[in-house]
Amino acid sequence: MSEYVLKLEHIAKSFFGIAALKDVNFGLRQGELLSLIGENGAGKSTLMNIVSGVLRQDSGSLYLNGEPYQPVKPSDATDAGIAFIHQELNLFTNLSILDNVYINSFKKYPGTPIIKKSAMAARVKEVLEAVDLKVPPETIVEKLSPGERQLVEIAKALSSDPKILIFDEPTTSLTTRETEKLFAIIERLKEEGKSIIYISHILADVQKLSDQIIVLRDGQITDNDKKENFTIQRMISSMIGREINQLYPDKTNHPSGEKVLELKDISQSGIVHKINMDVCKGEVVGMFGLMGSGRSELARIVYGLDPHESGEIRVHGKEIRGITPQKAIQNKMAFVTENRREEGLFMEFTIMDNLSLVSVPEKAKTKLKIVNNDSVKESTQGMVGTLKIKCPPIEKNPAKSMSGGNQQKVVIGKWLLTEPELLIVDEPTRGIDVGAKYEVYSIINQLASEGKGIWVISSELEELMGICDRIIVMGNGEIRGELLREEFDKESIMKAAFNQNGKEEA
Amino acid sequence: MRSKEDISKLLLKNIPILLFVLVFVIFGIFSPKFLSMASFSNIILNSSYVGIIGIGIMFVLLTAGIDLSVGSVMYLASASTGLLIANYHVPTVVGVLGGIAVALLVGLINAFCIIKLEILPFVTTLGTMTAGRAVGTWMTHSESVNLPKTITSLGSQKVLGIPMAIVLFLLIAVIAAVFLSKTQLGRQIYAVGNDPEEARKAGINNKKILFTIYMLCALLAGIGGIISVAQIGIVNAAFGKGEEFNAIAAAVLGGTSLAGGSGKVSGTVLGAVMIQMIQSGLVYMQVDMYIQPLISAGIIFIAVFLDSIRARYMAKAEARNIRNENLANG
């Protein structure tokens, strides 16, 4: 038997003449966790799609346990014992866990088309136990939290008893606690002798979990070594091809003390309770909390998307009653939403339409409200330049033609065109690579220097500590703590966020 | 301990049953005759064909599609059966099978346009609705077709004292329920309705699913049409007109979502009976004949409106309650 359970030799692939992968070689040993890191567009997905039978390489060969392996369709990979756990959840929310696991391979009473649940329930129970999810197989997926759904996704993959598991960014929708649980499951799978390929942008996780780390850049492996020899610094420089000395830009903003936004005793039963906070001109205020702590919900309330029962929202000292998104925009607020695919962008619309979406009323000054297209074009083109958005011509190409990092810049740019005085950004760097993150941080820093108030919501504590003047910690719909930049301390922030939540989940 | 919210959630989940009871009680109060056993078995008898067609429509709604052609299919199928028997003197069984074959042909055209030509279901079935009726009136020269005794006697037959139409209705409902909940194809219909793209990724043959549901819908519309004429004995040019509204309303009143992915056979059965109850109730109350359709349309409208409120409220109640009040006080 070969040393490697999976081996790739000289894999190359190009799309329309542009090389996506060039001479990729690596091997995966049994019981080993191999992390694959690289910026967006480095070729990670292409590579994994070849392994899982979605795409076919132009040249090169794959071997499973020393035998040649050439999948032509996804089910070939499943049959060969390779399971792929995708970043986005592929579950039917209206069906039960059991239905989801067996949707295309139900066991039936012999000779009839009638489903035999009893023949499958035991297996589903077994795989649910393997991922520590204590719900019956008949549970409808709709009733589960995003974290639990991720576990169902893994259970589904385990049901075919794979030898190799590929995880693509599995932690993006998980809370810290759920992430820890996932890592424990991954450890256990390794002990059982399963081999794992783990793809992630979160380098600390990669360092914690891996045995071996491979770095891809522009379709080539630029670094491949044992975990022990890697530092985060080395991962980053291999990923971007140059030394990065700092992850966050130097702060150049100066909070003025003049309040842009003030919240007084904002409450909504079941969501948030007596929230008091403010954001000053030129200040970057971070808000940290676990998923479900109420941080995004609070932002939605302030922006007028969701109702609140009591409390005051003041902008520049003036109370705004019955706030709606229209009033929020009139009062120079902007809200960059968490989920750019679903809420922030119209993927099929052109980049220009997306950029001009919110500011277009200002371009229609005549009586008939006819939009001045030249002016729209000029201002959107200007924004592309300001934010250094890398994209094809903006009038003709849809938003989906850009990479994740550039999509995020378009969402921010769309709001900047309204010249806001308060910018609320929810998870501004989720799912984008290190280089693009740095640019987003620079934009935030720049805006604050220009005197805008910025409220950043994030579940990445380190990023908040890197860019904020002040951090507010939320938990269970309440403010649990507030720290100034000089008091920033990872441990006390985490403690505040987890406080009491521990009891809730235990 | 059950909180107030749990109770309102429970009530909202069971709106079809609540509505059913409400309609029943209101008509019962206004017209005591309405409550008699005879009137009730009559209501079920009259709702049987709408129920059968409603079940067919529900299959289509489960995939977020629509079929407006069912009324015309009813007409075409029963007129063909009548013509085959009256003019060509074929045996009754052959006549009925011929009618059903015509219904399936319309289903095939619908499926072809929707799956192969990728025309929207709304436009496709709006077209076959108009074309179907045109073909029917051309075949019959707009004249009424009388059905022979062999068919009408079937309509008045009873099994164990239960009218044939009701027996068929229940049989079809049970088969449909088993099909949806106990077969792979049935479960996959829900999956496609939930997310067609994910269904494709999961290896489901979406085209096969769509083909199945449009064929089943046409089949059930044909059967429903023949069952209906077996009771009245005559097919006139307006037969089946507007039944698509009743059938869609039956499915939606029974909790089927127009957005796809949710709906139950039992709900649709309840919805069909409810519609008939409203219509008969208005007759019992001797409401002006011209106003009756207005009132029944109004009631159906309110019911569907309640359903959309329910969906919105449910989504809020289930997803957005993130704060644990007990924890905060403890």
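A residue is counted as buried when its relative accessible area is under 20%, and in the predicted model described here this criterion is met by 49% of the 330 residues of chain B. Chain B contains 15 helices and four strands. Its radius of gyration is 21 Å, close to the 20 Å that the globule rule gives for 330 residues, so chain B is as compact as a globular protein of that length. The C-alpha trace of chain B spans about 80 × 55 × 40 Å along its principal axes. Among the contacts in chain B with a separation of 6 or more, 77% are accounted for by residues 24 or more positions apart. The area that chain B exposes is about 15900 Å², of which carbon and sulfur atoms supply 69%.

In chain A, strand β8, formed by residues 195–199, is mostly covered, five of its five residues being buried. The cover extends to both faces of β8(A), with S195(A), I197(A) and I199(A) buried on one side and I196(A) and Y198(A) buried on the other. Strand β8(A) is paired with strand β3 of chain A (residues 33–37), the two running parallel and being joined by four bridges, and within this pairing L33(A) has I196(A) as its bridge partner. Strand β7 of chain A (residues 164–168) also pairs with β8(A) in the parallel sense, here over five bridges, and L165(A) stands opposite I196(A). Residue I196(A) is thus named in both pairings, as the bridge partner of L33(A) and as the residue opposite L165(A). Together with helix α6 of chain A (residues 176–191), strands β7(A) and β8(A) make a right-handed β-α-β unit.

Chain A also holds an open sheet of four strands, in which antiparallel pairing gives the order β12-β11-β14-β15. The edges of this sheet are taken by β12 (272–280) and β15 (318–319) of chain A, each of which has a single partner strand, so that one side of each is left without a neighbour in the sheet. For β15(A), an antiparallel pairing with strand β14 of chain A (residues 310–315) is made through two bridges, with V315(A) standing opposite K318(A) of β15(A). Helix α9 of chain A (residues 295–302) packs on the sheet, where it touches β11 (259–268), β12 and β14 of chain A, and the direction of this helix makes about 110 degrees with that of β11(A).

Definitions and conventions: Residues numbered from 1 in each chain as written. Chains lettered and ligands numbered in written order. Predicted model: local features only at pLDDT ≥ 70, side-chain atom pairs only at ≥ 80, totals over all residues. Heavy atoms only, no water. Buried < 20%, exposed > 50% of the residue type's maximum accessible area, 1.4 Å probe, protein only. Pairing = 2+ DSSP bridges. Right-handed = clockwise from strand over helix to strand, strands pointing away. Contact = heavy atoms within 4.5 Å. Axes fitted to C-alpha atoms, helices over the stretch in contact; angles between N-to-C directions. Rg over C-alpha atoms; globule rule 2.2 N^0.38 Å. Areas by Shrake-Rupley, 256 points an atom, 1.4 Å probe, with all protein chains shown as cover.
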